[in-house]
Amino acid sequence: MRRILALAAALALLLTGCAAGGDGPDDGVVRLRFQSLAWQKESVDANRQLVKEWNAAHPDIRVEYVQGSWDSVHDQLLTSFEGGEAPDIIHDASDDLADFAYGGHLADLRPLLSERLRADIPARGWETTTFDEGVYGVPFLQEPRVLIANRKILESSGVRVPTPEKPWSWTEFRQIAQDLTRTMGGGRHAVAWPLKEPVSVSLNLGVSAGGRLFHRDPDGRVTVDFTEADGIVPGTIHDLVVTDRTAPRTTLGSGGSDTLPGFFAGKYAMVPLGFAYRQQIAQQAPKGFEWTVLPAPVGAEGLAQGVSPQTLSIAADSLHKKEAAQFLDFFLRPANMVRLARGDWMLPTGTAALADPSLHTARDGWATGAAVAEHLRPAPAQSVRGYPEWKDKVATPAFQEYYSGAIDGAELRRRLVEDGNRVLARYQRR
């Protein structure tokens, strides 16, 4: 009889667990999964610590930290959405959200966000996560592109050193590269362009010259049109490599980290990189190596750059959207946003966080980045459906061949426009 009663009790517990619908134990505690893409140790530590602090203060709303990867996030999320297993809170980048937003996989955050958070992030930030009328992510970290320069080479050459108040123009930058290459001699180059992923570099820096590439008709249809303004930045990079030979071909297929050994060895005076690369440089530079952060060259639009901020979204299928939004409000308080930004060596989107004095120091170039941050705009591809396929199948190979000298500007334009519009047309019929 005792065995029968024990079996009955175990069966009752099992049935109770099943009745909870797979949402954890039926103890009244809300359980949320937060998939983070943080990868640098300082950033992972900051994310995990904030989750720990939330859980300590909210025993009735528990957040589980799940580690994701930037390398596979798009395909991984697509699979999880289709399988009904998406995390409640999703870390991604704004230029990856369009297909998920239009596909109904992300929750519209407008009725969920606190007024404090909505007011803290400027309108240009919210533009990066707005599709049609809905808001499908909170932009919280942003990364301008800057020039990391060898201070000794730059100062000994006698060239004018740019500042955010008086940056180099693209024309001046080309001339400076010629002067530096002559001064350096010995087969060394003024600048190394790591262009393994050339599309975002080309489009986002092109914003400074008035480039926009994607054009939306009144009916919402998006097409590609490669104008003279769109060609200024790609043309300058092409001329540095192919015509002037002030930048080596050998780095075109490299990632940013791949250029650092040559930079430390004095083979290159400057490397255009994302702002977060400063962490690697600070940690890996040889003893006595002096480096500085310069603003990227500018065109008619000044310090403007396109940017695709890191974002936090809530899955449309989440059973606890309200609680997930409460966690976002805590996670993105100004002081916490500063912690996340410093952990990732990036800049916060929030006005209050960006004003923090620790982000305006000369050390490690924080002040230069903060000055540029005020001019960042949504990347040209932000709301374009089909952008990932356009980038991978059309734009990446076209830019790579153009920068290496394999094709000319006319062929680059033909591929981006003709081949590109065929790709985008398929998505706009959906």
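Over which ring does the charged end of Arg278 sit? That is where the close-ups of this predicted model start.

**View 1. Arg278 and its two aromatic rings.** The charged end of Arg278 is placed over the ring of Phe275, 3.6 Å from the ring centre. Arg278 also lies over the face of Trp366, this time at 4.0 Å from the ring centre. Trp366 belongs to helix α16, where it is one of the buried residues.

**View 2. Helix α16, mostly under cover.** This helix spans residues 366-373, and 6 of its 8 residues are buried. The buried set is Trp366, Thr368, Gly369, Ala370, Val372 and Ala373.

**View 3. An open sheet of 4 strands.** The strand order is β8-β11-β7-β12, with mixed pairing. β8 and β12 (291-295) take the edges with a single partner strand each, so one side of each has no neighbour in the sheet. On average, neighbouring strands here are turned by 30 degrees against each other, ignoring direction. Zoom in on β7 (residues 145-150) and β12 and you'll find an antiparallel pair joined by 5 bridges. One residue pair to look for is Asn150 with its bridge partner in β12, Trp291.

**View 4. Helix α8 and the loop after it.** α8 lies across β7, β8 and β11 (268-274), and its direction makes an angle of about 150 degrees with β8. Between α8 (170-184) and β8 (189-191) comes a loop, and Gly187 is part of it. Is Gly187 buried or exposed? Its relative accessibility is 66%, and the cut-off for exposed is over 50%, so Gly187 counts as exposed. Gly187 and Thr246 are 59 residues apart in sequence, while their C-alpha atoms are 9.7 Å apart in space.

**View 5. Phe214 meets Trp390.** The structure has 22 aromatic pairs. In the pair shown here, the ring centres of Phe214 and Trp390 are 5.0 Å apart and the planes sit at 70 degrees; edge-to-face means over 60 degrees, so this pair gets that label. Phe214 comes from strand β9 (residues 214-216) and Trp390 from helix α17 (residues 387-404), so to speak a link between distant parts of the chain, 176 residues apart. Both Phe214 and Trp390 are buried.

**View 6. Phe264 and Phe289, another edge-to-face pair.** The rings of Phe264 and Phe289 are 5.3 Å apart centre to centre, with 80 degrees between the planes. Phe264 is in helix α11 (residues 260-264), whereas Phe289 sits in the loop between α12 (278-284) and β12, 25 residues away in sequence. What about burial? Phe264 has a relative accessible area of 16%, and the cut-off for buried is under 20%, so Phe264 counts as buried. Phe289 is buried too, with a relative accessible area of 16%.

**View 7. The largest nonpolar core.** This core has 53 residues, and those with the most contacts inside it are Phe173, Leu180, Trp193, Phe214 and Trp390. Helix α17 supplies the largest share, 8 residues. Leaving aside residues up to four places away in sequence, Trp390 touches a whole list of residues, including Val199, Leu203, Leu213, Phe214, Val224 and Leu416. Another core, of 39 residues, lies apart from this one; among its members are Val63, Ala324, Leu328 and Met337.

**View 8. One aromatic cluster.** Which residues make up this cluster? They are Phe34, Trp54, Tyr65, Phe327, Phe330 and Phe331.

How values were computed: Residues are numbered from 1 along each chain as its sequence is written. This is a predicted model: local features need pLDDT of at least 70, side-chain atom pairs count only at pLDDT 80 or more; totals for chains, interfaces and linings use all residues. Side-chain values use heavy atoms; hydrogens and water are left out. Buried means under 20% relative accessible area, exposed over 50%, partly exposed in between (1.4 Å probe, protein chains only). Helices (H or I, at least four residues) and strands (E, at least two) are DSSP runs, numbered from the N terminus. Two strands pair if DSSP finds at least two bridges between them. Axes are lines fitted to C-alpha atoms, for helices over the stretch in contact, and angles run from 0 to 180 degrees between N-to-C directions. Contact means heavy atoms within 4.5 Å. Rings of Phe, Tyr and Trp (its six-membered ring) pair if their centres lie within 6.5 Å; planes under 30 degrees apart count as stacked, over 60 as edge-to-face and the rest as tilted. A charge sits over a ring if NZ of Lys or CZ of Arg is within 6 Å of the ring centre and within 35 degrees of the ring normal. A nonpolar core is a set of buried Ala, Val, Leu, Ile, Met, Phe, Trp, Tyr and Cys residues joined through side-chain atoms within 4.5 Å.
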